[in-house]
Amino acid sequence: MEELSELKLKVLNLLKEDARRSPALLSTLLGVDEEEVKTSIAELERDHVIVKYATVVNWGKVEDEKVTALIEVQITPERGRGFEGIAERIYLFPQVKSVYLMSGHMTYWLRSKGPTSEK
């Protein structure tokens, strides 16, 4: 693995803080020519040092914030129907996305999705 130049390290640190910074702004911040910055970024991408540009989301600002939970439910089979009737009733709840009968236990595992406890 080759050692990165000081310019490339500075470019990486600035892009880590804000990946939307333009080469023009980076060149101003670093006091170098814009073409040097563009070349450095292209080489970092080509060498897979920069793998992708990611977005940091403030999920607290998103209206549709949901949480997924795995819930264990202890059950007793119904006479004549076994576990079927209970599973059918549980699955009617809109928050329930999956129902799993666990082997060896009288237990269902439910995968549920709903609003966070912050709401």
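## Nonpolar cores

Nine residues make up the largest nonpolar core: Leu7, Val11, Leu14, Leu15, Leu26, Val37, Ile41, Leu44 and Ile50. Helices α1 (6–17) and α3 (34–46) each contribute at least two residues to this core, and α1 provides the largest share, with four residues. The structure described here is a predicted model.

Leu7, a member of this core, is in contact with Leu30, Val32, Glu36 and Ser40, when its neighbours within four places in sequence are left aside. A second, separate core has seven residues, among them Ile75, Ala87, Ile90 and Val96.

## Strand pairing

Strand β3 (residues 107–115) pairs with strand β1 (residues 66–74) in the antiparallel sense, over nine bridges. Within this pairing, Gln74 has Thr107 of β3 as its bridge partner.

Strand β3 also pairs with strand β2 (residues 96–102), again in the antiparallel sense, over six bridges. Here Val96 has Ser112 of β3 as its bridge partner. Val96 thus appears in two roles: it is bridged to β3, and it is a member of the second nonpolar core.

## Salt bridge within helix α1

The model contains eight salt bridges. One of them joins Lys10 to Glu6, with the closest N and O atoms 3.1 Å apart. Because Lys10 and Glu6 are four residues apart in helix α1, about one helical turn separates them.

The two partners fall into separate accessibility classes. Lys10 has a relative accessibility of 39% and counts as partly exposed, whereas Glu6, at 56%, counts as exposed.

## Salt bridges involving helix α4

Arg89 and Glu78 form a salt bridge through their side chains, at an N to O distance of 2.7 Å. Arg89 belongs to helix α4 (residues 84–91) and Glu78 to the loop between β1 and α4, so this pair ties together parts that are 11 residues apart in sequence. Arg89 is partly exposed, with a relative accessible area of 47%; Glu78 also counts as partly exposed, at 25% relative accessibility.

Another salt bridge links Arg81 and Glu88, whose closest N and O atoms are 2.9 Å apart. Arg81 counts as partly exposed at 45% relative accessibility, and Glu88 counts as partly exposed at 43%.

## Salt-bridge network

Glu34, Glu35 and Lys38 are joined into one network by salt bridges that share partners. These residues lie within the span of helix α3 (34–46), which also supplies at least two residues of the largest nonpolar core.

Technical notes
Residues are numbered from 1 along each chain as its sequence is written. This is a predicted model: local features need pLDDT of at least 70, side-chain atom pairs count only at pLDDT 80 or more; totals for chains, interfaces and linings use all residues. Side-chain values use heavy atoms; hydrogens and water are left out. Two strands pair if DSSP finds at least two bridges between them. A nonpolar core is a set of buried Ala, Val, Leu, Ile, Met, Phe, Trp, Tyr and Cys residues joined through side-chain atoms within 4.5 Å. Buried means under 20% relative accessible area, exposed over 50%, partly exposed in between (1.4 Å probe, protein chains only). Contact means heavy atoms within 4.5 Å. A salt bridge is a side-chain nitrogen of Lys or Arg within 4 Å of a carboxyl oxygen of Asp or Glu.
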